[in-house]
Amino acid sequence: MTNPDQALAQFQLGQLRASIDNLDSILIHTLAERFKLTQQVGKLKALHNMPPADKSREAQQIERLRHLAKESGLDPAFAEKFLNFIVAEVIRHHEQIRGQEAE
Ligand SMILES: C=C(O[C@@H]1C=C(C(=O)O)C=C[C@H]1O)C(=O)O
């Protein structure tokens, strides 16, 4: 048996989780669109013999995202780690594309 307080808490939890699910969908769709673009960058770089990683571009992105994170109340260290995690995957894709072009 649930008391009214527990029933209300369950309802609120369900509402919060529904919004979290919506935001997780946005994150997945956003990442999918980002990777479509970075795949195009990878092909362009492979075609023109440019290196997969660009540390100066990454430094600019980190500075920009740390600033945005601070403004939004997100931990800037987390924002930096998150970007680095994504960029590492992008570079892995670029190296794969480069390998395919060389075949
Ligand atoms: C996509 C690029 O390649 C790499 C991946 C980046 C990214 O995912 O934002 C940024 C810099 C590069 O290390 C790029 O050079 O723009």
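Which residues are around the ligand?

## The shell around the ligand

In this predicted model, the ligand is surrounded by Thr38, Val41, Ala53, Asp54, Arg57, Glu58, Gln61, Ile86, Val87, Val90 and Ile91. Helices H1, H2 and H3 are the elements that each give two or more residues to this shell. The biggest share comes from H3, which supplies four residues.

By residue type, six of the shell residues are nonpolar, two are polar and three are charged.

## The chain as a whole

The protein chain contains three helices and zero strands. In sequence order its pattern is α-α-α. The chain is more spread out than a compact globule, because its radius of gyration is 20 Å, well over the 13 Å that the globule rule gives for 103 residues.

Measures of extent and burial complete the overall view. The C-alpha trace spans about 65 × 30 × 15 Å along its principal axes. Of the 103 residues in the protein chain, 2% count as buried. For contacts between residues at least 6 apart in sequence, 55% join residues at least 24 apart.

## The annotated domain

The UniProt record, an unreviewed entry, lists residues 7-98 under "domain: Chorismate mutase". Over residues 7-98 the model is 89% helix and 0% strand. The C-alpha atoms at the two ends of this stretch are 56 Å apart.

## Helix H1 and the loop after it

Helix H1 covers residues 4-47. Its 44 residues should span 64 Å at 1.5 Å a residue, and the C-alpha atoms at its ends are 64 Å apart, so the expected span and the model agree. H1 is hardly covered: one of its 44 residues counts as buried.

Asn49 follows H1 and lies in the loop between H1 and H2. The phi of Asn49 is near 55 degrees, a positive value in a residue other than glycine. Most residues other than glycine have a negative phi. Asn49 is also exposed, because 8 other C-beta atoms lie within 10 Å, and the cut-off for an exposed residue is 12 or fewer.

## Lys70 in helix H2

Helix H2 runs over residues 55-72, and Lys70 is part of it. Is Lys70 buried or exposed? Lys70 counts as exposed, because it has 12 C-beta neighbours inside 10 Å.

Lys70 can also be placed relative to Ala18. The two residues are 52 apart along the chain, and their C-alpha atoms are separated by 26 Å.

## Phe82 in helix H3

Helix H3 takes in residues 76-102, including Phe82. Phe82 has 14 C-beta neighbours inside 10 Å and therefore counts as partly exposed. A residue needs 20 or more such neighbours to be buried, and 12 or fewer to be exposed.

How far apart in space are Phe82 and His94? From C-alpha to C-alpha, Phe82 and His94 are 19 Å apart, with a separation of twelve residues in sequence.

Conventions: Residues are numbered from 1 along each chain as its sequence is written. This is a predicted model: local features need pLDDT of at least 70, side-chain atom pairs count only at pLDDT 80 or more; totals for chains, interfaces and linings use all residues. The expected span of a helix is 1.5 Å times one less than its number of residues. A residue is near a molecule or strand if its C-beta atom, placed from the backbone, lies within 6 Å of it. Ala, Val, Leu, Ile, Met, Phe, Trp, Tyr, Cys and Pro count as nonpolar, Asp, Glu, Lys and Arg as charged, and the others, Gly among them, as polar. UniProt positions are given in the numbering used here, feature names are shortened, and annotations may be inferred rather than shown by experiment. The radius of gyration is taken over C-alpha atoms; the globule rule is 2.2 Å times the number of residues to the power 0.38. Two residues are in contact if their C-beta atoms, placed from the backbone, lie within 7 Å.
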